[in-house]
Amino acid sequence: MPDSTLSAGAIEAVAQLAVSAAGKTVEIDGVAYATAPLHDPRQPAPAPDVLEMHSLTALVRYIAENRDGLSFERCAVHVESPTSVSLVGPLSDGHYRQRFAYARATARPAADGGFHFGAFLDLERFNIALQALFTGAGQRDDVIRFVGNIKSEQVRQQSDDGRTQSVEARTGIATVATVDVPNPVTLAPYRTFMEIPQVASPFVLRLREESSGIVAALFEADGGAWKEWTIGLIGKFLEDRLSQLRPAPCVFAAPHGDRTEDRAE
């Protein structure tokens, strides 16, 4: 019968394997290394549910009434985008350094859900969208009038620069003439909270002929600059409404200046 007794060397090897499996740290050249994955038994604190709302007025009222007893000297109002504003707290103490959002206002602008920039629409739907989803600022009425007067089923592309388009349109009671498509056009879609003036920006108006007839589309032409202006307007609105609170949370938004109002409706 073979001897099943382990030698001293074997016992030591098994012990080393057990230690390694349990995990330990070793130091090499002043740097600590782990021999096995280590897991932190501490768990982050559960985050509170964010109170959701859909207007800046509701957010201001929540802050002003402070039903949850928040310490506003350590809170901030973060204008994240033209459609989202959050009330956030400070970094928590402890290992995980969490930052909680207590309330968030999310806009539901009409243009976001009902109009897709860069998508071609038939002239009837395009006309309705301009009236329903854009303010009267800028050249909206001129574009509506132009689109409503288009007669020809053929869009002409000028060969000089590849950008200018022409189309036959009514220019009088019984007169039809070839006119250039206006470009760019300044329009102010509903793109942010209703308490904020809608910022006007340039758009490229394009027409093309399809089997169903002439279709039209709008393409944003300001590189997204309207978002910075709008964020600045939201920040100014909140600063004005919260300035009477003591203490008041700090408002973080894009800088705003005198020119911001010039671009608003």
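This is a short walk through the structure above, from its confidence values to its helix, its core contacts and its charged pairs.

Keep in mind from the start that the model is predicted. The mean pLDDT of the chain is 79, and 69% of the residues reach 70 or more. Where is confidence lowest, and where is it highest? The low end is helix α7 (residues 258-263), with a mean of 46, while strand β11 (residues 185-187) holds the top value, at 95. Within that weak region, residues 258-262 have a pLDDT below 50, and this stretch makes five contacts in the model beyond near neighbours in sequence. Residues 171-176 also stay under 50, and for them the model has eight contacts beyond four places in sequence. You may want to keep both stretches in mind as you read on.

Let's turn to helix α6, which covers residues 225-242. Its 18 residues, at 1.5 Å a residue, should span 26 Å, and the C-alpha atoms at its ends are indeed 26 Å apart, so the expected and modelled lengths agree. Many of its side chains can be followed inwards: the buried residues of α6 include W226, W229, I231, L233, I234, F237, L238 and L242. T230, G232 and G235 are also buried there.

The same helix carries a charged pair, K236 and D240, whose side chains meet in a salt bridge at 3.4 Å from N to O. Why does their spacing in sequence suit a pairing along the helix? An α-helix has 3.6 residues a turn, so residues three or four places apart point the same way. K236 and D240 are four residues apart in α6, and therefore about one helical turn separates them. K236 is partly exposed because its relative accessible area is 32%, and D240, at 41%, is likewise partly exposed.

Other charged pairs are found elsewhere, and a search of the whole structure gives eight salt bridges. In general, side chains of opposite charge can pair when their charged atoms come close. One example joins E210 to R208, with 2.9 Å between N and O. Here E210 has a relative accessible area of 32%, so it counts as partly exposed, and R208 is partly exposed as well, at 40%. Another joins R67 to E65, whose closest N and O atoms are 3.3 Å apart. R67 is exposed, with 69% relative accessibility, whereas E65 is partly exposed at 37%. This pair belongs to a wider arrangement, since R61, E65 and R67 are linked in a network of salt bridges.

For a view of the interior, look at F115, in the loop between α3 (110-114) and β7 (121-122). Is this residue buried or exposed? F115 is buried, because its relative accessible area is 4%. Leaving aside residues up to four places away in sequence, F115 touches A110, L121, F126, A129, L133, F134 and L218. L130 lies 15 residues from F115 in sequence, and their C-alpha atoms are 9.0 Å apart in space.

Finally, come back out to the surface, where V26, I28, V31 and Y33 form a nonpolar patch with about 330 Å² of accessible area together. The elements giving two or more residues to this patch are β1 (25-28) and β2 (31-34). Y33 is found in strand β2, and at 43% relative accessibility Y33 counts as partly exposed.

Note on methods
Residues numbered from 1 in each chain as written. Predicted model: local features only at pLDDT ≥ 70, side-chain atom pairs only at ≥ 80, totals over all residues. Heavy atoms only, no water. Patch = residues over 30% accessible without salt bridge, like charges linked within 9 Å, V, L, I, M, F, W, Y side chains within 5 Å. Areas by Shrake-Rupley, 256 points an atom, 1.4 Å probe, with all protein chains shown as cover. Salt bridge = Lys/Arg side-chain N within 4 Å of Asp/Glu carboxyl O. Buried < 20%, exposed > 50% of the residue type's maximum accessible area, 1.4 Å probe, protein only. pLDDT = per-residue confidence, 0-100. Contact = heavy atoms within 4.5 Å. Expected span 1.5 Å × (residues − 1).
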